[in-house]
Amino acid sequence: MFNSLSGTITGKFPQKLFLDTNGIEWDIIVPDTTLDDLPRLGEKARVFTWMQHTDSAMNLFGFASAKDRDLFFDLNKVEGVGPKSAIKIMSNIQRDQLISSLESGDLAALEKIPGLGKKTAQKMLLALKGKLTLEEDLPGVKVVVNRSGEFSDVVSALANMGYDKRMVEECISKLVEDLNRELPPAGEVAFKDKTRDAKEEILFRKAIVALAQ
């Protein structure tokens with residue numbers, strides 16, 4: 001599956017982007033905030049993507065950053081919020097403002113988002129407060145950091161195999177903590193001192209076993 005597309009921006013419209021990649025022009029559904037974050041028409045851009053494939057349609061969604069895409073995935077976990085609803089929500093509020101409202105439990109701020117009713121706003125708070133997939137702190141916002149940290153490639157690989165991303169992140173985080181505490185057998189290098197590639201290989205192998213249980 002695509003992680004991102006890089007090409008020339010050939011069109012910008014409300015919640016829609018055209019991106020030319022070596023003669024193939026992609027029609028991508030994007031939040032309006034993504035349009036603001038991307039370069040101007042005719043300039044090169046990298047767009048992080050997600051493909052939705054149903055019996056009746058195939059849609060490609062795009063974002064200016066992987067963090068925006070993670071927020072989109074989080075919104076899709078809320079009952080009653082589908083991909084296009086998530087795009088509409090993200091079009092009407094900046095990412096850091098939305099995260100701040102969710103983390104602080106500010107229901108009033110969420111209800112002000114155009115098209116988002118009180119019932120759905122309440123569901124968003126119940127489902128996402130303290131559970132967002134975030135990679136770093138935002139100014140003035142206390143967040144739960146994605147503890148899988150530097151091993152995001154392993155998380156992505158496992159998620160692409162069909163495992164729930166949240167479960168994968170929790171599994172990798174626990175494995176890292178456990179492996180860092182373990183004393184290595186005599187003559188072997190401790191996990192924390194191994195190369196990045198070696199760590200990823202160990203985590204991938206152990207995570208497959210743990211997630212299958």
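**Exercise 1. Which residues of the largest nonpolar core touch the most other members?**

Keep in mind that this is a predicted model.

Step 1. Start with the membership: the largest nonpolar core holds 24 residues. The ones touching the most other members are L75, I89, L98, L102, L110 and M124.

Step 2. Now ask where the core residues come from. Strand 5 (58-63), helix 2, helix 3, helix 4 and helix 6 (118-128) each give two or more residues to this core.

Step 3. Zoom in on L110. Skip its neighbours within four places in sequence, and L110 is in contact with L98, S101, L102, L116, A121, M124 and L125.

Step 4. Check for a second cluster. Another core, of 15 residues, lies apart from the one you just looked at, and its members include V168, C171, L179 and I202. As background, nonpolar side chains in soluble globular proteins tend to be buried together.

**Exercise 2. Work out how helix 2 and helix 4 are placed against each other.**

Step 1. Get the geometry. The axes of helix 2 (residues 66-76) and helix 4 (residues 95-104) come within 11 Å and cross at roughly 40°.

Step 2. Put a word on that angle. Angles under 35 degrees would count as roughly parallel, and 65 to 115 as roughly perpendicular, so helix 2 and helix 4 are oblique to each other.

Step 3. Add the hand: helix 2 passes helix 4 in a left-handed crossing.

Step 4. List who does the touching. Helix 2 brings K67, D68, L71 and L75, while helix 4 brings R95, L98 and I99. Sorted by class, that gives 4 nonpolar, no polar and 3 charged residues. Two names should ring a bell: L75 and L98 also turned up in the largest nonpolar core.

**Exercise 3. Do the same for helix 7 and helix 8.**

Step 1. The axes of helix 7 (residues 152-160) and helix 8 (residues 165-181) come within 9 Å, crossing at roughly 140°.

Step 2. Roughly antiparallel would need an angle over 145 degrees, so helix 7 is oblique to helix 8.

Step 3. The crossing of helix 7 with helix 8 is right-handed.

Step 4. On the helix 7 side the contact uses V154, V155, L158 and A159, and on the helix 8 side K165, V168, E169 and I172. The class tally is 6 nonpolar, no polar and 2 charged. V168 is also listed in the core of 15 residues.

**Exercise 4. Take three loop residues, Q15, N22 and G80, and decide for each: buried, partly exposed or exposed?**

Step 1. Q15 sits in the loop between strand 1 (4-13) and strand 2 (16-21). Its relative accessibility is 26%, so Q15 counts as partly exposed. Have a look at the backbone too: phi of Q15 is near 55°, which is positive, and Q15 isn't a glycine.

Step 2. N22 lies in the loop between strand 2 and strand 3 (24-29). With a relative accessible area of 83%, N22 is exposed. N22 has a positive phi as well, about 55°, again without being a glycine.

Step 3. G80 belongs to the loop between helix 2 and helix 3 (83-91). The relative accessible area of G80 is 67%, so G80 is exposed. The C-alpha atoms of G80 and K119 are 9.7 Å apart, with the two positions 39 residues apart along the chain.

**Exercise 5. Sketch the whole chain.**

Step 1. Count elements: 9 helices and 5 strands. In sequence order they run β-β-β-α-β-β-α-α-α-α-α-α-α-α.

Step 2. Add the overall figures. The C-alpha atoms fill a box of roughly 60 × 45 × 40 Å, and 40% of the 213 residues count as buried.

Definitions and conventions: Residues are numbered from 1 along each chain as its sequence is written. This is a predicted model: local features need pLDDT of at least 70, side-chain atom pairs count only at pLDDT 80 or more; totals for chains, interfaces and linings use all residues. Side-chain values use heavy atoms; hydrogens and water are left out. Axes are lines fitted to C-alpha atoms, for helices over the stretch in contact, and angles run from 0 to 180 degrees between N-to-C directions. Helices (H or I, at least four residues) and strands (E, at least two) are DSSP runs, numbered from the N terminus. A crossing is left-handed if the near helix is turned anticlockwise from the far one by less than a right angle, and right-handed if clockwise. Contact means heavy atoms within 4.5 Å. Ala, Val, Leu, Ile, Met, Phe, Trp, Tyr, Cys and Pro count as nonpolar, Asp, Glu, Lys and Arg as charged, and the others, Gly among them, as polar. Buried means under 20% relative accessible area, exposed over 50%, partly exposed in between (1.4 Å probe, protein chains only). A nonpolar core is a set of buried Ala, Val, Leu, Ile, Met, Phe, Trp, Tyr and Cys residues joined through side-chain atoms within 4.5 Å.
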